[in-house]
Amino acid sequence: MAILTYIQAITKAIQEEMEQDEKVFIFGQDVGKKGGVFRATDGLYEQFGKNRVIDAPLAESAIAGVGIGAAMYGMRPIAEIQFADFILPAVNQIISEAAKIRYRSNNDWQCPITIRAPFGGGVNGALYHSQSVEAIFANQPGLKIVIPSSPYDAKGLLKAAIRDPDPVLFFEHKRAYRLLKEEVPDEDYTIPIGKAEVKREGSDLTVITYGLCVHFAMEVAEKLAVENIDVHILDLRTIYPLDKKAIIDAAKKTGKILLITEDNKEGSVMSEVAAIIAEHCLFDLDAPIQRLAGPDVPAMPYAPTMEKYFMINPDKIEAAIRDLAEF
Amino acid sequence: MVNNRHRSLGLTDEQVVNMYRYMLLARKIDERMWLLNRAGKIPFVVSCQGHEAAQVGAAFALNRDVDYIAPYYRDLGVVLVFGMTAKDIMLSGFAKAEDPNSGGRQMPGHFGSKEKRILTGSSPVATQVPHAVGVALAGQIEQKEFVSFVTLGEGSTNQGDFHEGLNFAGVHKLPVITMVENNGYAISVPSDQQLACERVSDRAQGYGMPGYTVDGTDPLAVYEVVKKAREDALAGKGPSLIEAMTYRLTAHSSDDDDRVYRSQAIIDEEKQKDPLILFAKYLRDSGVLTSEHEAMLEKEIDGIVDEATDYAEQAAFAQPEDALKYVYEEQMGW
Ligand SMILES: Cc1ncc(C[n+]2csc(CCOP(=O)(O)OP(=O)(O)O)c2C)c(N)n1
Ligand SMILES: [Mg+2]
């Protein structure tokens, strides 16, 4: 077992999958000699060569579309979109094509592509290098959307995504890349897509979140435990389709729910989580469902003052938990 | 031996008659679909009429056992050569459960069959171009000997996916043949309002591949150029762009009335270029097709189309709740 950062765990997952399945290949902008702008494909070009680690022209719709074609043929392509913000030119390929290939062909064709993209803010990335784009895709049956919250999960979920017979969008939080480190087993393991995980058992209130916010919420929960505020934490891990049962169980467990996302509040994934709880848990609730989210402005500004104002951080989470605990 | 163009291309008399047979089959299926549509029996038809020569000529130049195709909605001629039957097409026209393209989920003209290596297609135009490139990339990674063949209309060559796909294929020298069926219109908009260049084939230059413009009413001319493109692709010389000049002998689709934007004189003039009439004449002039043989073919195909229509009309629809199936692989428990 070695201590790996979140991004090293991702590289490891790709490397292991490429070693054990010749159908797996990776392509995207700067993934070759450079090893990716964040170095997620570090060393892969040297190990696997230019036939399986391919620098693509700067054209996102082709990156998605060519990957979809290769996936239909029977390969297991991993397409890297350099920043999630730049996935937008590929939306037609992802939603009109990847999501619908199995359905429209009546199960004749399949599209086992994994599309990876770094997302999220807090990295001085300004409007176009900070966004959370998951909600754009999170109402498209046919797609699966995975957002890991730890190095261990990143490796296991990415391996599951690559092996999945359907298209998976795999969003990696940029701030998490080097911030999060933990022991990650050397051996092969996968984590099932579609299953949320209880990260912490608690009895006073429930936090449901995903990605980097899980890390912040855990930190806050440990701090508040000393004051006898006992927080239950559910990490969604797959944000589409949602693990409804886990959401309902977690909500019923405490009856006080705080939903956290770094995305803009309205129409976010958490709006859907709130609806699931409202439909199934009304009589178990002891307080209105609370959402802590980014403000409804187009995107995160560059200046550190405004960026900090936009981002979720432990202080904001702590304040929201205290409010809800007192309700 | 007069007019023996086909033999000089290496095509036997039997093969060219077979080409004609496919063109006629495509035409007659298409005409039947219009009748059914006008009779209120099927909601929609989009036509191959006027494009048959380009489609059948091109498909004959491909290897039907190994090549992959990503056809667009007019490509009835292509998919018939690749093994779709009249019955398959009629089942799709009537949206019946047995439709092998989509089980009645998609409109007619949205072809697909994994077994026949016909990539499943959608409605947004040009999205199939990167798919064909991806299949070719996969073939290159696996060092397989096949080409992928993709088609679209000239208006659709304005889409980003056409340019992104061709550029990717050009950069990686992939075995992709793109054929644009230029019928002069994108619904109502004529090509001089669509294309800033004179010919679609001029666009090839930007993507490092040869561009050819060919008479799309002549299956032999199209066969010749696609055959060359295929040989080049397999020899590692990379992709080609082919523009086949055709005429659209019908309205854009059953929902369009083309009299609003083109005159009867133009429509009548274009009917003179009907590839079926022209190719039948060529075959007769070369002594390959006798009038008895032609009459026999007509009769045989009418029978096939009748039978396919009856079968499809009586076939069952999918169950309503079948709409819930196949969102994800079902063994996974989704
Ligand atoms: C992205 C997209 N925009 C608009 C349409 C509607 N539409 C369907 S076919 C068509 C015209 C296509 O013209 P062309 O590419 O020349 O092909 P043709 O039908 O003439 O063979 C249009 C506008 C569409 N299907 N997809
Ligand atoms: Mg056209």
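# Notebook: a predicted two-chain model

**A126(B).** I began in chain B, where A126(B) sits in the loop between α5 (86–93) and α6 (128–141). The model is a predicted one. I looked up the backbone and found phi of A126(B) near 75 degrees, a positive value in a residue other than glycine. Most residues other than glycine have a negative phi. I then asked whether A126(B) is buried or exposed. A126(B) counts as buried, because it has 24 C-beta neighbours inside 10 Å and the cut-off for buried is 20 or more.

**N106(A).** I noted another positive phi in chain A: N106(A), a residue other than glycine, has phi near 55 degrees. N106(A) is in the loop between α5 and β5 of chain A. Its C-beta neighbours inside 10 Å number 22, so I list N106(A) as buried.

**Ligand 1.** I looked up the shell around ligand 1, which holds 16 residues. Which of them come nearest? They are V125(B), G153(B), G155(B), S156(B) and A186(B). Two strands of chain B, β2 (148–153) and β4 (185–186), each supply at least two residues of this shell. I sorted the shell by class and have six nonpolar, six polar and four charged residues.

**L195(B).** G155(B), on the list of residues that come nearest to ligand 1, turned up again when I looked at L195(B): their C-alpha atoms are 7.6 Å apart, although the two residues are 40 residues apart along the chain. L195(B) belongs to the loop between β5 (189–190) and β6 (211–215) of chain B. Setting aside neighbours within four places in sequence, I find L195(B) in contact with E154(B) and V200(B). I record L195(B) as partly exposed, because 18 other C-beta atoms lie within 10 Å and that count falls between the limits of 12 and 20.

**Sheet of chain A.** I traced an open sheet of seven strands in chain A, in the order β3-β2-β4-β5-β7-β6-β12, with mixed pairing. Which strands are at the edges? They are β3 (53–55) and β12 (238–240), each pairing on one side only. From one strand to the next the twist averages 25 degrees.

**β4(A).** I followed β4(A) to its partners on either hand. β2(A) and β4(A) run parallel and are joined by five bridges; the bridge partner of F25(A) in β4(A) is P77(A). β4(A) and β5(A) also run parallel, with three bridges between them; here I78(A) has T114(A) as its bridge partner in β5(A). I then asked why β4(A) is described as largely enclosed by the rest of the structure. Five of its five residues are buried, so the description follows. Side chains in a regular strand alternate between the two faces of the sheet. I checked both faces of β4(A) and found each covered: R76(A), I78(A) and E80(A) are buried on one side, and P77(A) and A79(A) are buried on the other. α3(A) lies across β2 (24–28), β4 (76–80) and β5 (114–119) of chain A, and its direction makes an angle of about 175 degrees with β4(A).

**β12(A) and the cis bond.** At the β12(A) edge I found antiparallel pairing with β6 (residues 144–146) of chain A over two bridges. The bridge partner of I145(A) in β12(A) is Y240(A). I then looked up the peptide bond from Y240(A) to P241(A): it is cis, with omega near -10 degrees. Most peptide bonds are trans. P241(A) is in the loop between β12 and α10 (244–254) of chain A.

**Contact between the chains.** I counted 36 residues from chain A and 33 residues from chain B in the contact. On the chain A side, α3 (60–73), α4 (91–97) and α5 (101–104) each supply at least two residues. The largest share of that side, ten residues, comes from α3(A). By class, I have 16 nonpolar, 13 polar and seven charged residues on that side.

**Nonpolar core.** The last entry is the largest nonpolar core, which I list at 204 residues. Which residues have the most contacts inside this core? They are A217(A) and V226(B). Helix α2 (residues 13–38) of chain B gives the largest share of this core, eleven residues. Leaving aside neighbours within four places in sequence, I find V226(B) in contact with A58(B), A61(B), L62(B), I177(B), M179(B) and I242(B).

Note on methods
Residues are numbered from 1 along each chain as its sequence is written. Chains are lettered from A and ligands numbered from 1 in the order in which they are written. This is a predicted model: local features need pLDDT of at least 70, side-chain atom pairs count only at pLDDT 80 or more; totals for chains, interfaces and linings use all residues. Two residues are in contact if their C-beta atoms, placed from the backbone, lie within 7 Å. Helices (H or I, at least four residues) and strands (E, at least two) are DSSP runs, numbered from the N terminus. Ala, Val, Leu, Ile, Met, Phe, Trp, Tyr, Cys and Pro count as nonpolar, Asp, Glu, Lys and Arg as charged, and the others, Gly among them, as polar. Two strands pair if DSSP finds at least two bridges between them. Axes are lines fitted to C-alpha atoms, for helices over the stretch in contact, and angles run from 0 to 180 degrees between N-to-C directions. A nonpolar core is a set of buried Ala, Val, Leu, Ile, Met, Phe, Trp, Tyr and Cys residues joined through C-beta atoms within 7 Å. A residue is near a molecule or strand if its C-beta atom, placed from the backbone, lies within 6 Å of it.
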